[in-house]
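I opened this model to make notes on its overall build, its interior and a few individual residues. The entries are in the order in which I looked things up.

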Amino acid sequence: ADLTADEGEASAFVIVSGSAAAAAEPAVESLVERLGGGAVAVWTEVVQHVPIELADRARAAVDAAAADVVVAIGGGSAIGLAKAIALTHRIAIVAVPTTYAGSEQTAIYGLTGDRHKQTGSDPVVLPTVVVYDPDLTLDLPPAVTGPSAFNALAHSVEALYAPGHNPVTSLFALEGVRAIAVSLPAAMRDPADLDARATLLYGAFLSGKALGATSTGLHHKICHVLGGTFNLVHADTHSVVLPHAVAFNAPELPGEMAELARALGVDGDPAGALWDLAVRSQVPTSLAALGLARDDLGEAATQAAAAITDNPRPFTADDIAGLLERAHAGTRP
């Protein structure tokens, strides 16, 4: 990794998530070593949903180290922390994703405090350089691989009809769906399948590009509430909620749903196909299995309904509550 700039060697604040270090310890250590004297600090405390308190401490550490670039090695939480730093310090990010979240291709950031996840978009948090290396994902356990890939898949699916979508973003999104739908079952069957791992990264890249050029909608808003308020693992919520969100919006999107079905390799019913893919990939399909109490569904529906500002199909809080009831039960839509 060459961090040499016109003004001299850059000073890197390196964020390494615990899961990345554990999954590919020799490779990650090698990456840090290759930064040499450019690595002025290494930060390993990474928490999902990026708590504001954690972001503030990491920002203070960047100041203390006098760093002028952040290198983030890990999943969406590590890259999310790098984005929180860039948001206030206006410094460049080099991202080395080791999961399939795809957030490295977006200007979207998120911070959590007081049981509320605040999301926004700022070009300054978009990584300047992204390095994809499927070797770094070979030891990623299935319990992380599957939900992470569904996170990326949800980006592509929602980009088909989110505000800002256009024919070009839809090409990215549909190719992302195809790549993930083909490679995810293969990677789950054989975690050492390098071709499947590489194709998953390709799909995640495309999904991130599609999301970065459009925006989030009903599905992602629900997942942000489930994570920010109830502390569910963000990646796990996608495979549970996505089939039901697609089923809810499908009546208003016949053209987009036909394209999505073809990308998934089915003749019709993309919502059912997404649920089938989740089952085939052995990822979560029920909010109950994720630990969400049924008594919390009302609060989740109210918060999500208030957060959703644009959706192809009109909705009420009761509609969202019904969607969450079906996701909680985990039945095929």
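The notes below go from the whole chain to its cores, then to one helix and three loop residues.

**Entry 1, the whole chain.** I began by noting that this is a predicted model, and that the protein chain has 13 helices and 9 strands. I then looked up the radius of gyration, which is 19 Å, and this agrees with the value near 20 Å that a compact globule of 333 residues would have. Along its principal axes, the C-alpha trace spans about 55 × 40 × 35 Å.

**Entry 2, burial, contacts and surface.** I found that buried residues make up 55% of the 333 residues in the chain. Counting contacts with a separation of 6 or more, I noted that 75% of them are between residues 24 or more positions apart. The accessible surface comes to about 13200 Å², and carbon and sulfur atoms account for 53% of that area. For the charges, I recorded 18 positive and 37 negative side chains, with the centres of the two sets 6 Å apart.

**Entry 3, the cores.** Which residues touch the most other members of the largest nonpolar core? In this core of 38 residues, I listed Phe150, Leu153, Val157, Leu242, Val246 and Leu260. The elements that give two or more residues to this core are helix 5 (142–159), helix 6 (167–189), helix 7 (194–213), helix 9 (234–249), helix 10 (254–264) and helix 11 (270–280), and helix 6 gives the most, with 9 residues. I followed Leu153 further and, leaving aside its neighbours within four places in sequence, found it in contact with Val177, Ile180, Ser207, Leu242, Leu274 and Leu277. Apart from the largest core lies another one, of 24 residues, among them Ala55, Ala72, Leu81 and Ala84.

**Entry 4, helix 8.** I next asked how many residues of helix 8 (residues 218–228) are buried. The count is 11 of the 11, so this helix is largely enclosed by the rest of the structure. The buried residues include Lys221 as well as His219, His220 and His224, and I also noted Cys223, Gly227 and Gly228 among them. As for what surrounds the helix, its buried residues pack against strand 7 (108–113), strand 8 (116–121), helix 5, helix 9, helix 12 and helix 13 (317–329).

**Entry 5, two residues with positive phi.** I looked up Ala66, which has a positive phi of about 55° although it is not a glycine, and placed it in the loop between helix 3 (52–65) and strand 5 (69–74). Is Ala66 buried or exposed? Its relative accessibility is 53%, and because the cut-off for exposed is over 50%, Ala66 counts as exposed. Asp269 likewise is not a glycine and has a positive phi of about 55°; its place is in the loop between helix 10 and helix 11. With a relative accessible area of 39%, Asp269 is partly exposed.

**Entry 6, Pro284.** My last entry concerns Pro284, which I located in the loop between helix 11 and helix 12 (297–307). Not counting residues up to four places away in sequence, Pro284 touches Pro147, Asp236, Ser239, Val240 and Leu290. I also looked up its separation from Thr169, which is 115 residues away along the chain, and the C-alpha atoms of the two are separated by 28 Å.

Note on methods: Residues are numbered from 1 along each chain as its sequence is written. This is a predicted model: local features need pLDDT of at least 70, side-chain atom pairs count only at pLDDT 80 or more; totals for chains, interfaces and linings use all residues. Side-chain values use heavy atoms; hydrogens and water are left out. The radius of gyration is taken over C-alpha atoms; the globule rule is 2.2 Å times the number of residues to the power 0.38. Buried means under 20% relative accessible area, exposed over 50%, partly exposed in between (1.4 Å probe, protein chains only). Contact means heavy atoms within 4.5 Å. Accessible areas come from the Shrake-Rupley method with a 1.4 Å probe; for residues, only the protein chains shown count as cover. Lys and Arg count as positive and Asp and Glu as negative; His and the chain ends are not counted. The place of a charge is taken as NZ of Lys, CZ of Arg, CG of Asp or CD of Glu. A nonpolar core is a set of buried Ala, Val, Leu, Ile, Met, Phe, Trp, Tyr and Cys residues joined through side-chain atoms within 4.5 Å.
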